[in-house]
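Grab a pencil and keep the viewer open while you work through these exercises. Try each task yourself before you read the solution under it.

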Amino acid sequence: MSRRGNCDATSAALPLRWDNAPVESFFGTLKQELVHRYDFVTRAAAQSKIFEWMEVWYNRARRHSSLGYISPVEFERRASLAGSAPPVSSIALLN
């Protein structure tokens, strides 16, 4: 396996190339929206700010494309009103 991709993979292993995409997207967003905007003096300061960003902004207020461009809080509110969480494929129908 090469670092650029598994060039000699069998067809059964091909989907494994994309397994990191959501994680890479999250960390790209984290770096763009927070890390590159601050000069953290200590590791503890960075950890505190990253935790705050994740818990207050990313998980509660930020709109997520995977949720039909609504915040997770709004998604949960709509799901509780509907009685249960809809499958991800039908989220766009909520808007």
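**Exercise 1. The overall fold**

How many helices and how many strands are there in the protein?

*Solution.* Remember first that you're looking at a predicted model. Step one is to count: you should find three helices and zero strands. Step two is to read along the sequence, which gives the pattern α-α-α. Step three is to see how much of the chain is tucked away: of the 95 residues, 21% count as buried. Last, take the contacts between residues at least 6 apart in sequence; 23% of them join residues at least 24 apart.

**Exercise 2. Checking helix H1**

Find out whether the length of H1 agrees or disagrees with what its 13 residues should span, then sort out its two sides.

*Solution.* Start with the length. At 1.5 Å a residue, the 13 residues of H1 should span 18 Å, and the end C-alpha atoms are 18 Å apart, so the two agree. Next, pick out the buried residues of H1: they are Phe26, Thr29 and Leu30. These buried residues cover an arc of only 100 degrees around the axis, so they sit on the same side of H1. Now flip the helix over: the face turned away from the buried side carries the exposed residues Glu24 and Gln32. Finally, ask what the buried residues of H1 pack against, and you'll arrive at H2.

**Exercise 3. A closer look at Thr29**

Is Thr29 buried or exposed?

*Solution.* Place the residue first: Thr29 is found in helix H1. Then check its relative accessible area, which is 13%. The cut-off for buried is under 20%, so Thr29 is buried. To see its surroundings, skip residues up to four places away in sequence; Thr29 then touches Leu34, Trp53, Tyr58 and Arg62. Two of these contacts, Trp53 and Tyr58, turn up again in the next exercise, among the buried residues of H2.

**Exercise 4. H2 and H3**

Do for H2 and H3 what you did for H1: list the buried residues, look at the arc, then find the opposite face.

*Solution.* Take H2 to begin with. Its buried residues are Ala46, Trp53 and Tyr58. They cover an arc of only 45 degrees around the axis, so they're on the same side of H2. The face of H2 turned away from its buried side carries the exposed residues Ala44, Gln47 and Phe51. As for partners, the buried residues of H2 pack against H1 and H3.

Now go on to H3. Here the buried residues are Pro72, Phe75 and Ala79. Seen down the axis, they fall within an arc of 55 degrees, so they line one face of the helix. The face of H3 turned away from that buried side carries the exposed residues Ser80 and Leu81. H2 is included in what covers the buried residues of H3.

**Exercise 5. Two residues in one loop**

Which of Ser71 and Tyr69 counts as buried, and which counts as exposed?

*Solution.* Find the loop first. Tyr69 lies between helix H2 (43-58) and helix H3 (72-82), and the place of Ser71 is also in the loop between H2 and H3. Tyr69 has 59% relative accessibility, so it counts as exposed. Ser71 has 14%, so it counts as buried. Leaving aside neighbours within four places in sequence, Ser71 is in contact with Arg60, Ala61, Arg62 and Arg63.

Then check the backbone. Tyr69 has a positive phi of about 60 degrees, although it isn't a glycine. Just after H3 there's another positive phi, of about 105 degrees, at Gly83.

**Exercise 6. The second largest pocket**

Which helix gives the most to the lining of the second largest pocket?

*Solution.* Begin with the space itself: about 150 Å³ lies in this pocket. Then go through the lining, which is made up of Pro22, Ser25, Phe26, Thr29, Tyr58, Arg62, Arg63, His64, Ser65 and Ser66. Compare that list with the helix ranges, and helix H1 (residues 21-33) comes out giving the most, with four residues. To finish, sort the lining by character: three residues are nonpolar, five are polar and two are charged. You've met one of the lining residues before: Thr29, the buried residue from Exercise 3.

Terms used:
Residues numbered from 1 in each chain as written. Predicted model: local features only at pLDDT ≥ 70, side-chain atom pairs only at ≥ 80, totals over all residues. Heavy atoms only, no water. 1 Å grid on protein atoms, 1.4 Å probe; cavity = no way out; pocket = protein on both sides within 12 Å on 5 of 7 lines; lining within 4 Å. Points joined across faces, edges and corners; volume = space filled by probe spheres on them. Nonpolar A, V, L, I, M, F, W, Y, C, P; charged D, E, K, R; others polar. Buried < 20%, exposed > 50% of the residue type's maximum accessible area, 1.4 Å probe, protein only. Contact = heavy atoms within 4.5 Å. Expected span 1.5 Å × (residues − 1). Arc of directions from axis to C-beta.
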